[in-house]
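Visitor: I would like to understand how the words used for a protein model are decided. Could you take me through them, one value at a time?

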Amino acid sequence: MELRNITTFLRVAELQNFTHAAQELGYSQSAVTVQIRQLETELGVPLFERIGRSVNLTAPGQAFLQQAGEIIKAAERARDAVRTAPEPEGTLRLGTMESLGASVVWRLIAEFHRQFPRVNVVVRTSTADGLLEMMRRNDVDFIYFVDEKQYSPDWEIPLCRPEETVFVTSPQSRLAARGEPIPLRELVTYPCVLTEAGESYRIPFERLLAEHNLVVAPILEIGSTEIVARMVRENIGYSVLPMYVASEYLKSGELVPFRVPEFKSNMYQHVIYHKNKWLTPQMKGFMQLIIEHVEHAL
């Protein structure tokens, strides 16, 4: 049983398309077809149903899928065990959110470079859904993002920690002067500055508003959480931000938090990579830096 055929099987199963798998692997479509047929002949069962343009795993194919991933991982471990690994080099591709990139990731890159000076880091930013799609297409090595709790049997998840979402305002604002929780129905009468609609840490607030048949009209909506925090600091309006963005402003006293009794956050910080992805030393190193940062911040 050739590892090349198993790798091809995994890519076809992931993409559910022979043509796309061939393009990613650098083969012709006919070569991919031959490799899958060889594997099916060895196993004695069909692995895919081919109906028109649709390609789906058969029941034996589903059963083989997990074992195939384990075979590839075992082969990589065997190679690592018998060779003296040179200093890691090449490119590490990280997918993350703009807010995490500006607040957390840039701080970790300097330490990562000291540990892996020959590795270049490429950071790609998107929404949570966009990052999951990047991972599925193997456009990034792993992703670091904040969203509601995520899970798939196709993923490895070394980090899934709750992330607090906090309402913040300027110390000079009327909200700060109140010094007490602000009911949601009253809160919407105050000016606000928010991140773009659809950002994961804004979604719980939007859902809460919808449940109470309320709306807000932000003075400003912008993708940069750092700009939002600065606008709030200038007493332009309140905002709702993830704690990893707000924490430094809260510690310095430039912003103050306030509570909205109806609001409950259900956001989590995630580090995820595909279970069939070979975990390189540089991937392990950067993920460990993220995990240590999160644990230290608790």
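**Rings, cores and surfaces**

Guide: The structure holds 11 aromatic pairs, where rings of Phe, Tyr and Trp (its six-membered ring) pair if their centres lie within 6.5 Å, and planes under 30 degrees apart count as stacked, over 60 as edge-to-face and the rest as tilted. This is a predicted model, in which local features need pLDDT of at least 70 and side-chain atom pairs count only at pLDDT 80 or more, while totals for chains, interfaces and linings use all residues. Residues are numbered from 1 along each chain as its sequence is written, and side-chain values use heavy atoms, with hydrogens and water left out.

Visitor: Why is the pair of Phe142 and Phe286 called tilted?

Guide: The ring centres of Phe142 and Phe286 are 6.3 Å apart and their planes meet at 55°, and because that angle is neither under 30 degrees nor over 60, the pair is tilted.

Visitor: What makes this pair a tie between parts of the chain?

Guide: Phe142 belongs to strand β5 (residues 142-148) and Phe286 to helix α12 (residues 281-297), so the pair ties together parts that are 144 residues apart in sequence. Helices (H or I, at least four residues) and strands (E, at least two) are DSSP runs, numbered from the N terminus.

Visitor: How do you know whether Phe142 is buried or exposed?

Guide: Buried means under 20% relative accessible area, exposed over 50%, and partly exposed in between (1.4 Å probe, protein chains only). Phe142 has 0% relative accessibility, so Phe142 counts as buried, and Phe286, also with a value of 0%, counts as buried as well.

Visitor: What kind of pair do Phe167 and Tyr238 form?

Guide: Phe167 and Tyr238 form a tilted pair, with 6.5 Å from centre to centre and 45° between the planes. Phe167 lies in strand β7 (residues 165-169) and Tyr238 in the loop between α10 (225-233) and β10 (239-242), so parts that are 71 residues apart in sequence are tied together. Both Phe167 and Tyr238 are buried, and ring pairs link these two residues with Phe205, Phe258 and Phe263 into a cluster.

Visitor: What makes a set of residues a nonpolar core?

Guide: A nonpolar core is a set of buried Ala, Val, Leu, Ile, Met, Phe, Trp, Tyr and Cys residues joined through side-chain atoms within 4.5 Å. The largest has 47 residues, of which Phe142, Ile143, Tyr144, Phe145, Phe286 and Ile290 touch the most other members. Helix α12 gives the most to this core, with 7 residues, and apart from it lies another core of 20 residues, including Ala13 and Leu47.

Visitor: Why is Asn213 called exposed?

Guide: Asn213 is exposed because its relative accessibility is 72%, which is over the limit of 50%. Asn213 is in the loop between α9 (203-211) and β9 (220-222), and its phi is near 55°, a positive value in a residue other than glycine. Most residues other than glycine have a negative phi.

Visitor: Why is Asn138 given the label partly exposed?

Guide: Asn138 has a relative accessible area of 24%, and because this value falls between 20% and 50%, partly exposed is the right term. Asn138 sits in the loop between α6 and β5, and its phi, near 65°, is also positive.

Visitor: How much of the protein is buried?

Guide: Buried residues make up 43% of the 298 residues in the protein, whose secondary structure comes to 12 helices and 12 strands.
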